[in-house]
Amino acid sequence: MLDKKFIIANADLVQQNCEHRGVKSDVGRYVSLETESRQIQQEIEELSRQANAVSKSIGKAKDDAEREQRKEEGRQLREQKDARQTEFDRLAAEAGAIYRSMPNMTHPEAPIGEEAHSRELRRGEHEVRPLGFPVLDHVELAAQHDLIDFEAGARIAGAGFYFLKNEAVLLELALQQYAIQLLVGEGFVPTITPDLARTEILHGVGFIPRGPETQIYSIENFDLNLVATAEITLGGMYADQVLDAEQLPLKMCGISHCFRTEAGAAGRASRGLYRVHQFTKVEMFAFTAPEQSEDMHNYFCDLECQIFDGLGIPYRVIDTATGDLGGPAYRKFDLEAWMPGRGESGEFGEVTSASNCTDYQARRLNIRYKNKGEKGTHFAHTLNGTAVAISRAIIAILENCQQPDGTILVPEVLQQWVGKDRIGATE
RNA sequence: GGACGGGUGGCAGAGUGGUCGAAUGCACCGGUCUUGAAAACCGGCGUGCCGCAAGGUACCGGGGGUUCGAAUCCCUCCCCGUCCGCCA
């Protein structure tokens, strides 16, 4: 949510921002509805004031006749108030719909335009270079080494589900360890979060369950949804809380399973593990004061780079264009890892995403902070970033670390947890 | 899943139809005292919205209802505690 005062004072800016982001929002209509409803709000408050005064006087009335007369007076005032309230509710509902459709404002340096305008910021420390032998993709590699059973997954739960097997399991656990150890060392509070969350929390974070084209699985007969990311649970963790300014910035990380329907994604490049209905992810999340969020955003991006540099995987960092930003994001950096088996002769594929949501999520979730000895509260800023999305990291590892003899080298940083340095070596 | 008891300000905890946005204690902020600190004492101290301000209005887990008037009564949902049942 944007600040209502800000919208009214900067309607043109907000309208322009909506256009840059490809969101149809009638900001002018919103401003006039808001102005009108505030007028009515004033009337309602005045009627309430009068009615309250009448009610108070009844307790002190000297006889029954006066009491009855006062009661009637009170009834009439409340009726008038209810009528104005109905009108107010009508305007507020229309204003609210427009209000909720408005995306966050955008960082001035974010590239403007559709997805194609997204800008490459930099590359990782490992260069993309030809492997120099016929390359297999992760599906073929997994089949060769019996690492993933897509058929069994489909039998159990449908297309898009899979069993990880053998070293793929060890890789998943190793990636979790690797990421969590690194983040704990950086002062993040580690968590394992619920995999389900209430609808209210999803809304606060910016997800819309149970709608058409929703990405969210919902549980029948319960107000519960399978989370699409631990961003939902970590953001919800401090919903309705007032934090002390000294606690900020507060850095959390969480392991969760992620469930996505991938509605509307049929036909897009999504072979194998790339676009699946369930995967595990280690997510970073931070609550900061406003002046800290930009640094935190860069820090998240640096950590993501550190993680993929450590794995020895080439990648590029993308500054996402306005047209491709989700509603809550003020700016978003994605890491795209090189996947040699993707497409004709290798392609970059998104593996992480770090967003600065400024106070947009915090307004919805009602997460505030308070300066010691100061009156009032302020909305915190929230940020989220992928540490490791396991399924896509596995794609990148299998495809980048494959060897001419068909074996796969385990990245050195993971070897202590995988327990071997190579997959497929004949012992 | 069943029975009972609860959900009130940052925390603890009173309040069962009007004078209650709400006692009291702790915490916190300011002051007096002190060489300094502690203690003691005095004063202040919830959040949102409207307003330059005075002030007004809304909020006692969420939603709905009764009433001139609800923290207080009724319905409903959620959550917490205790005991029982079931269970990895």
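How many of the five residues of β10 are buried? Keep that in mind as you open the structure, which is a predicted model; the tour reaches β10 after a look at the whole chain and the RNA.

**Stop 1: the whole chain**

Start by colouring chain A by secondary structure. You should find 13 helices and 17 strands. Turn the C-alpha trace along its principal axes, and chain A spans about 100 × 45 × 45 Å. Of its 427 residues, 49% count as buried.

Now colour by domain. Domain 1 takes in residues 4-101 of chain A, and domain 2 takes in 115-423. Their C-alpha centres lie 43 Å apart.

**Stop 2: the surface near RNA strand B**

Select RNA strand B and show the residues around it. There are 19 of them, and those that come nearest are Arg38, Gln42, Ser55, Ile58 and Arg75. On the RNA side, sugar and phosphate make up 74% of the strand B atoms that come within 4 Å of the protein.

Colour these residues by class next: 11 are charged, seven are polar and one is nonpolar.

Zoom in on three side chains here:

- Gln42: a polar atom of this side chain lies 2.5 Å from a sugar or linking oxygen of RNA strand B.
- Arg368: an N or O atom of this side chain is 3.2 Å from a sugar or linking oxygen of the RNA strand.
- Thr377: a polar atom of this side chain lies 3.1 Å from a phosphate oxygen of RNA strand B.

Step back to see which elements supply this surface. Two or more residues come from each of α3 (27-59), α4 (64-101) and β13 (368-370). The largest share belongs to α3, with eight residues.

**Stop 3: the sheet that holds β13**

From the RNA, follow β13 into its sheet. This is an open, three-stranded sheet with mixed pairing, in the order β7-β13-β14. Select 242-244 for β7 and 378-379 for β14: these are the edge strands, and each pairs on one side only. Between β7 and β13, which run parallel, you can trace three bridges. One pair to label is Asp244 and its bridge partner in β13, Lys370.

**Stop 4: from β1 to β10**

Move on to β1 (119-123) and β10 (315-319). These two strands pair in the antiparallel sense over four bridges. Label Arg119, and then Asp319, its bridge partner in β10.

Here is the reply to the opening question: four of the five residues of β10 are buried, so the strand is mostly covered.

**Stop 5: β11, an enclosed strand**

Continue across to β11, whose antiparallel pairing with β10 has five bridges. Two places to label are Tyr315, whose bridge partner in β11 is Ala337, and Arg316, which stands opposite Glu336.

Why is β11 described as largely enclosed by the rest of the structure? Select 331-339 and check the burial: nine of the nine residues are buried, so the strand is largely enclosed.

In a regular strand, side chains alternate between the two faces of the sheet. Select Arg331, Phe333, Leu335, Ala337 and Met339 for one side of β11, then Lys332, Asp334, Glu336 and Trp338 for the other; both sets are buried.

Then select 347-356 to bring up β12, which pairs with β11 in the antiparallel sense over nine bridges. The bridge partner of Met339 in β12 is Glu347.

**Stop 6: the loop with His107**

Next, select His107, in the loop between α4 and β1. His107 counts as buried because its relative accessibility is 6%, under the 20% cut-off. A polar atom of the His107 side chain lies 2.9 Å from the backbone nitrogen of Glu109.

**Stop 7: the cysteines**

Finish by showing the cysteine sulfurs. How many disulfides does a search of the whole structure find? The count is zero. Cys18, for one, is in no disulfide, and the nearest cysteine sulfur, in Cys357, is 16 Å away. Cys18 is also buried, at 1% relative accessibility.

Cys401 makes a good last selection. The closest cysteine sulfur is that of Cys305, and at 18 Å this is too far for a bond. Cys401 is buried as well, with a relative accessible area of 10%.

Note on methods. Residues are numbered from 1 along each chain as its sequence is written. Chains are lettered from A and ligands numbered from 1 in the order in which they are written. This is a predicted model: local features need pLDDT of at least 70, side-chain atom pairs count only at pLDDT 80 or more; totals for chains, interfaces and linings use all residues. Side-chain values use heavy atoms; hydrogens and water are left out. Domain bounds come from an automatic or database domain assignment. A residue is near a molecule or strand if one of its heavy atoms lies within 4 Å of it. A polar contact is a pair of N or O atoms within 3.5 Å; within protein, one must be able to donate a hydrogen and the other to accept it, and residues adjacent in sequence count only if both atoms are side-chain atoms. Ala, Val, Leu, Ile, Met, Phe, Trp, Tyr, Cys and Pro count as nonpolar, Asp, Glu, Lys and Arg as charged, and the others, Gly among them, as polar. Two strands pair if DSSP finds at least two bridges between them. Buried means under 20% relative accessible area, exposed over 50%, partly exposed in between (1.4 Å probe, protein chains only). A disulfide is a pair of cysteine sulfur atoms within 2.5 Å.
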